[in-house]
Amino acid sequence: MRKILSLLPVLLLLTGCWDQAMLNQTKLITAGGFDYTKDGKVLTTAAVPQSVAAEAGQGNIVNQIFSASGNTARQSRLRLDRRVAERLDASKNQIILFGEAAAKKDIYQLLDVFYRDPKSALNAKLAVAKGKASDVISTRFEEPKMSSGVGEYLRDSIRSAEESATVPKENIQTVCPVMFDPGQDFALPYLEPLKKTVSIRGVALFHEHKMVGTIREPLSVTYTMLTGEKHTIAMSTTKKIFTNKKPELMNYVTFKVKKNKRSFNIDVTPEGKVSAEIKLKMKVVVTEYPRDNLATPGEVENVEKRLSKKLTKDANKVIQKLQKMNSDPYGVGRHVMAYHYPVWEKLNWKEVYPKIDFKASIDVDVIGHGIIE
Amino acid sequence: MNSHTITHRQLFFLIVQTQIGVGVLSLPFSLFTKAKIDGWISLIIAGLFIQFSILAIWKLCDRFPHNTIYEILPKLMGKNLGLVFNFIYTLHFAFISILILIMYNSIVGKWILFETPHWVIIFIMTAVGYYFITSSPREIARFFVIVTPLLIVLFVFILYAYTDVHLLYIFPVGQTGMLTIIKSSSDAVVALLGFDASLVFLAYSNGTPAKNIKVISFASFCITVLYAFIVFTTYIFFNPAEIIIVPEPVLYMLKAFSFSIIERTDLVFLSIWIISVATSFISYLFIAAKGVQTLFGLNDHQKGAPYVAIFCAVIAIIPNEKLEVLMWNKYISLTSLIFSALFPIVLLLIAVLRKKQEKGAASS
């Protein structure tokens, strides 16, 4: 017993004291934004939520926004640090925003800091902002005033968009392998700041390290479906399947995807001609159908047929857009590389991809329709 | 001798824990630099190669039951040459301990303890090593058995990577060519080192020779499979173009995962991994201390232990730049390959040719 007691003080020595990071000496960044200034310098904006004691004893969050410019991302961060009394710490960062102009230049160069620092939060979300990132971060949003900082607010907005399959799920680390891959590209959420809220407008498509275009919201749901995402919590979309019904509202049906199965076929002819086809088999539940007559199998089949046709049309529209932008987020190039390496070596994928024969078809199967017919 | 013996099951855990060490974190990277995305094949080939070394070690120790390598060498080569080789082997095992310290220090210094002075990190590990080797092999083996379940935790963490993998990255298989794949398996052998601990620990086993070879061989097989799994996972997690800039792919991969309770999975992984490093370090330090005991004719290895520990710690502090660390790694890996994997086969040949065998050993 005495032996154990005498060992207890040793515990105090185990912690050491070199590597301590005092919370009261740091300012935790929850949102960071990158823009380029007119003379080509990097402008970093950071939001630091600070809790202020209110009268009734309730905490209130005030967002402090700092910004500084520098030749590189790190230099601007160091300058930012000098403007703040405590040490800035990005290990709890929730989101990194790129201004549209910055995203069109190169995002890897800006992200290098985050990949290199062992303390950085690799699970932070990435997004592209319409206009300037600094504008989004410094907007005085209605929601976060009381409860949380701007970082949490933006992250949660993106998370809910992910749940409804408007944008694909990505974070700093998940885009990295794809960014390096010559045979695949990626997409990030595309935000637009409104007066007091932020709206997720769709996805920003990338080619290599650069943003090359956008696909807007409802079509971006079709984009996410085509990635082969099994199903998210609320992968829903509304489609117009009739044209002649009055009132206009009657033309639409809303459904939720329960199961999404993708088969991805890539054909390479001996001459090196590449063609690709994505086939989706979806099991959906109708969540809105104002015409209210899903009782007969014939009517269900009719809806299925019309939905499949409409979705296939949309999917091909998405693919057309992607080829036009020369962005390959479904990884056709990766498939060619993996299974037809000799052909891949001969191809200049950047030039070939926009011209390949790339089609999609979606087959819908209605498996439920809520608690009324 | 009685309280010093270990069972053949304990021998299994001794080998497993000695094999898993510093190598695992950077293995995918070092294999990739040579064999590209076919590195995992090199690893499996290396796993086959070491089975031959294991067989040789076992056969050698079988000829001299209850003798450690330090007692076998003089019997094989005569007193003087035996003494020289005993010295070389002691130094060799001491340098493996040093390499473990160096690599452990560089990774801990880079990933968790940025500000802590290097000598502190090294001396803490050395103190643990010293404390353990003052006990008997049986006690060491018991500790190794206790900490083995922790490997399951590491395995589960790595399994989580399968939530975000790109299976296509592994294709086309065999792109680098068979010759390169086989050549780079020498790097994989270095990571699989640890079976050489049986050169000493076999002497303490009270299992039958047939059981001994089974456990050593099976231990190496398990580790080869585990490593191949880890290498394979990182290769489909990272893009081939990305992995060349990530020297510790396993940690980097875990850093990206976060759960609602644990945000930095890599820190949890590292804390458990340190125990695996400690076990390898303890094994080699023990073997080095045994060598010192033979060299100076001490009654027990505990007497030499503090000097061996301090020697290792002091040398391990010397390299402090990344490039120096790489250089030490390169040379010590090379000597390990020679003395741990190849030389036992030579020794066995000598024993067979000169018909050296201990009386009482079952003739084959």
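What radius of gyration does chain B have, and why does that value agree with a compact globule? In this predicted model, chain B has a radius of gyration of 20 Å, which agrees with a compact globule because one of 364 residues would have a value near 21 Å. The C-alpha trace of chain B spans about 60 × 45 × 35 Å along its principal axes, and 57% of the 364 residues of the chain count as buried. The secondary structure of chain B consists of 16 helices and zero strands, and among its contacts with a separation of 6 or more, 84% are accounted for by residues 24 or more positions apart.

From the single chain we can turn to its contact with chain A. That contact takes 27 residues from chain A and 29 residues from chain B, and the area buried between the two chains is about 2400 Å², of which carbon and sulfur atoms give 57%. On the side of chain A, A:Trp18, A:Asp19 and A:Pro118 supply 26% of the area that this chain buries against chain B, more than any other three residues.

As for polar interactions, the count between chain A and chain B is zero salt bridges, whereas eight residue pairs are in polar contact, with both residues at pLDDT 80 or more. The elements that give two or more residues to the side of chain A that touches chain B are helix H4 (108-116), helix H7 (172-180) and helix H10 (332-339) of chain A, and of these H7(A) gives the most, with six residues. Sorted by class, this side of chain A has 14 nonpolar, seven polar and six charged residues.

Key. Residues are numbered from 1 along each chain as its sequence is written. Chains are lettered from A and ligands numbered from 1 in the order in which they are written. This is a predicted model: local features need pLDDT of at least 70, side-chain atom pairs count only at pLDDT 80 or more; totals for chains, interfaces and linings use all residues. Side-chain values use heavy atoms; hydrogens and water are left out. Contact means heavy atoms within 4.5 Å. Buried area is the accessible area (1.4 Å probe) that two parts lose on being put together, summed over both. A salt bridge is a side-chain nitrogen of Lys or Arg within 4 Å of a carboxyl oxygen of Asp or Glu. A polar contact is a pair of N or O atoms within 3.5 Å; within protein, one must be able to donate a hydrogen and the other to accept it, and residues adjacent in sequence count only if both atoms are side-chain atoms. Helices (H or I, at least four residues) and strands (E, at least two) are DSSP runs, numbered from the N terminus. Ala, Val, Leu, Ile, Met, Phe, Trp, Tyr, Cys and Pro count as nonpolar, Asp, Glu, Lys and Arg as charged, and the others, Gly among them, as polar. The radius of gyration is taken over C-alpha atoms; the globule rule is 2.2 Å times the number of residues to the power 0.38. Buried means under 20% relative accessible area, exposed over 50%, partly exposed in between (1.4 Å probe, protein chains only).
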